[in-house]
Amino acid sequence: MKKIVLLAMTAVSAAVLSGCAGMDKSASANGGDPFATASFQKILKDDFVSKGQASVDRLKQTQHQYECSKYEYLGKPMPADLQKKLEQDAMSKVVYPKDGQYLGDWKAGLKIAEDGKGMQWSDKPGSPNGGNCLACHKMIANDPSQGNIGPELYHYAKLRGNSEAVLKYTWQRIYDSEAFNACSYMPPFGAHKILTEQQMKDVMALLMDPDSPVNK
Ligand code: HEC
């Protein structure tokens with residue numbers, strides 16, 4: 001399996017660096033920290049420049065990204081207690097809708113799910129980001145361009161119902177998937193402020209509303 005480095009800049013388009021030459025096995029000399037090698041830090045410094053809102057600050061990994069990249073690089077499973085700790089940490093930071101309402105407008109949600117724009121240097125800072133859900137999930141019928149990195153979500157509420165437990169779980173997933181899988185590939189839409197509370201409600205409605213194309 002390819003080594004990957006999860007970076008703070010992984011917003012919607014999940015930018016990843018693959019198999020960095022600078023991450024040599026001499027990392028073991030750094031207490032198993034592959035990213036502390038001088039050669040790796042030099043590659044980062046030489047190859048990335050800030051442009052617009054996409055600044056090199058994004059190269060600073062979160063603790064989740066750091067630990068996941070490290071164990072993947074070392075080819076070892078993450079210790080179960082560390083994984084549990086990271087997941088509990090993410091879960092404890094989930095912020096629920098202030099008015100207790102999980103559902104917005106599914107039509108707005110569909111646009112967000114289809115929209116992969118946002119957070120790049122060429123995007124206007126402050127303009128709304130997309131969720132790009134369809135890049136990873138099959139959610140609607142008859143659209144061959146949908147991705148399969150994530151599980152199929154077509155007929156989501158039709159299959160699971162719309163109980164309070166399902167609503168809460170789905171919100172937590174969208175807010176921060178790392179609460180369930182410390183090394184999830186799904187962007188933490190709430191935790192990293194990729195989507196606003198209203199946008200998350202809109203994609204919730206896309207998944208839950210019986211009239212949404214997801215449940216048709
Ligand atoms: C970069 C890929 C990617 C994007 C973009 C993405 N997801 Fe996911 N999603 C995943 C993966 C992978 C999983 C599987 C679980 C895991 O590894 O965390 C997942 C899991 C889920 C689940 C839980 C599925 C289940 O069976 O319980 C939901 C709900 C979900 N995603 C909704 C969304 C929504 C809504 C969006 C857009 C706002 C979105 N995802 C965007 C990759 C993605």
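1. Accessible areas here come from the Shrake-Rupley method with a 1.4 Å probe. On that basis the protein chain has an accessible surface of about 11,800 Å². Carbon and sulfur atoms hold 56% of that surface. Keep in mind that this is a predicted model.

2. Now the fold. The protein chain has eight helices and two strands. Along the sequence the order is β-β-α-α-α-α-α-α-α-α. Both strands thus precede the helices in the pattern.

3. Next, burial and contacts. The protein chain has 216 residues, and 44% of them count as buried. Among its contacts with a separation of 6 or more, 59% join residues 24 or more positions apart.

4. The iron site deserves a close look. Two protein residues act as donors to the iron atom of the ligand: His137 through NE2 and Met186 through SD. They lie 2.0 to 2.2 Å from the iron atom. The two sit in separate loops. His137 is in the loop between α5 (133–136) and α6 (156–160). Met186 is in the loop between α7 (164–175) and α8 (197–208). The pair therefore ties together parts that are 49 residues apart in sequence.

5. What is the geometry of the site of the iron atom? It is octahedral, with six donor atoms. The angles among these donors run from 82 to 179 degrees. For six octahedral donors, the ideal angles are 90 or 180 degrees.

6. Are the two protein donors buried or exposed? His137 has a relative accessible area of 10%, so this residue is buried. Met186 has 21% relative accessibility and therefore counts as partly exposed. The cut-off explains the split: buried means under 20% relative accessible area.

7. Consider the wider surroundings of the ligand. The ligand is surrounded by 22 residues. The closest are Cys133, Cys136, His137, Tyr169 and Met186. Three helices, α5, α6 and α7, each supply at least two residues of this shell. The largest share comes from α7, with three residues.

8. Finally, polar atoms next to the ligand. Which ligand atom lies 2.8 Å from a polar side-chain atom of His137? That atom is a nitrogen. Arg160 places a polar side-chain atom 2.7 Å from an oxygen atom of the ligand. Ser177 also has a polar side-chain atom by an oxygen atom of the ligand, at 3.2 Å. His137 thus appears twice in this note: as a donor to the iron atom, and with a polar side-chain atom 2.8 Å from a ligand nitrogen.

Conventions
Residues are numbered from 1 along each chain as its sequence is written. This is a predicted model: local features need pLDDT of at least 70, side-chain atom pairs count only at pLDDT 80 or more; totals for chains, interfaces and linings use all residues. Side-chain values use heavy atoms; hydrogens and water are left out. Donors are N, O and S atoms within 2.8 Å of the metal (3.2 Å for Na, K and Ca); water is not among the atoms, so sites may look incomplete. Four donors count as tetrahedral if all angles lie between 85 and 135 degrees; four count as square planar and six as octahedral if opposite donors are over 155 degrees apart and all others between 65 and 115; anything else is irregular. Helices (H or I, at least four residues) and strands (E, at least two) are DSSP runs, numbered from the N terminus. Buried means under 20% relative accessible area, exposed over 50%, partly exposed in between (1.4 Å probe, protein chains only). Contact means heavy atoms within 4.5 Å. A residue is near a molecule or strand if one of its heavy atoms lies within 4 Å of it. A polar contact is a pair of N or O atoms within 3.5 Å; within protein, one must be able to donate a hydrogen and the other to accept it, and residues adjacent in sequence count only if both atoms are side-chain atoms.
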